[in-house]
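These are my notebook entries on a single protein model. I record what I looked up, one topic at a time.

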Amino acid sequence: MAELKERIQSDLRAAMLAKDEPRKAALRMLTAAIKNAEIEAGDELAEGDLLVVVQRQVKQRRESIEEFRKGGRDDLVEREEAELEAFAGYLPEEASREEIEEAAQATIAETGASGPRDIGKVMPVLIKRFQGRADGRVISEIVRGLLG
């Protein structure tokens with residue numbers, strides 16, 4: 001079993017023993033999302049794939065928080081923020097914008113990309129390199145800025 005998955009299971013048991021209902025509910029949702037991804041993949045997920053599942057859950061919570069704020073649903077915002085906090089501990093430290101820019105410049109030089117049409121050469125390399133550490137939109141924005 002992957003180390004991240006074991007950590008999530010251990011934290012879920014701890015939340016159950018501590019009777020921490022919000023954290024327990026959040027970790028059960030995360031466990032269910034992981035199980036669904038494993039069923040879809042037909043096999044146990046590797047560590048990197050687990051990170052993708054956690055990232056997806058974090059992204060969903062951020063989007064929900066934004067929408068609930070627009071709708072004035074502070075009760076739901078609080079619940080989503082608690083879930084977001086529970087999930088965030090499983091993600092590695094975010095890559096800085098400067099780190100992404102440096103890697104993008106190096107990748108552009110390696111691939112020989114010269115203009116906006118070459119974004120397809122650069123993006124897959126950077127997405128793989130920063131998997132779990134950076135949002136694809138941020139990477140895309142930086143690459144477009146450098147190639148545009």
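Entry 1, a glutamine. I asked whether Q57 is buried or exposed. Its relative accessible area is 8%, and since the cut-off for buried is under 20%, I entered Q57 as buried. I note that the model is predicted, so this value, like the others here, is computed from predicted coordinates. I located Q57 in helix α3. I then listed its contacts, leaving out residues up to four places away in sequence, and found L30, A33 and F87.

Entry 2, the partner L30. With the same exclusion of residues up to four places away in sequence, I found that L30 touches I8, V54, Q57, F87 and Y90. The contact with Q57 is thus listed from the side of L30 as well as from the side of Q57.

Entry 3, the cores. I looked up the largest nonpolar core and found that it has 23 residues. Those with the most contacts inside it are L4, I8, L30, V54 and Y90. I next asked which helices supply at least two residues of this core. They include α1 (3-17), α2 (21-41), α3 (47-70) and α4 (74-88). I also recorded a second, separate core of 16 residues, with A113, I119, M123 and I139 among them. As background, nonpolar side chains tend to be buried together in soluble globular proteins.

Entry 4, helix α7. I checked the length of α7 (residues 136-147) against expectation. At 1.5 Å a residue, its twelve residues should span 16 Å, and the end C-alpha atoms are 16 Å apart, which agrees. I listed the buried residues of α7 as I139, S140, I142, V143 and L147. Seen down the helix axis, these buried residues fall within an arc of 165°, so they line one face of α7. In general, an α-helix has 3.6 residues a turn, so residues three or four places apart point the same way. On the other side of α7, I found R137, R144 and G145 exposed. I then asked what covers the buried residues of α7. The cover includes α5 (97-111) and α6 (119-129). One of the buried residues of α7, I139, also belongs to the second core.

Entry 5, the whole chain. I counted seven helices and zero strands. The C-alpha trace spans about 55 × 40 × 25 Å along its principal axes. Of the 148 residues, 36% count as buried. Among contacts with a separation of 6 or more, 61% join residues 24 or more positions apart. The protein exposes about 9200 Å², of which carbon and sulfur atoms supply 49%.

Notes: Residues are numbered from 1 along each chain as its sequence is written. This is a predicted model: local features need pLDDT of at least 70, side-chain atom pairs count only at pLDDT 80 or more; totals for chains, interfaces and linings use all residues. Side-chain values use heavy atoms; hydrogens and water are left out. The expected span of a helix is 1.5 Å times one less than its number of residues. Buried means under 20% relative accessible area, exposed over 50%, partly exposed in between (1.4 Å probe, protein chains only). The arc is that of the directions from the helix axis to the C-beta atoms. Contact means heavy atoms within 4.5 Å. A nonpolar core is a set of buried Ala, Val, Leu, Ile, Met, Phe, Trp, Tyr and Cys residues joined through side-chain atoms within 4.5 Å. Accessible areas come from the Shrake-Rupley method with a 1.4 Å probe; for residues, only the protein chains shown count as cover.
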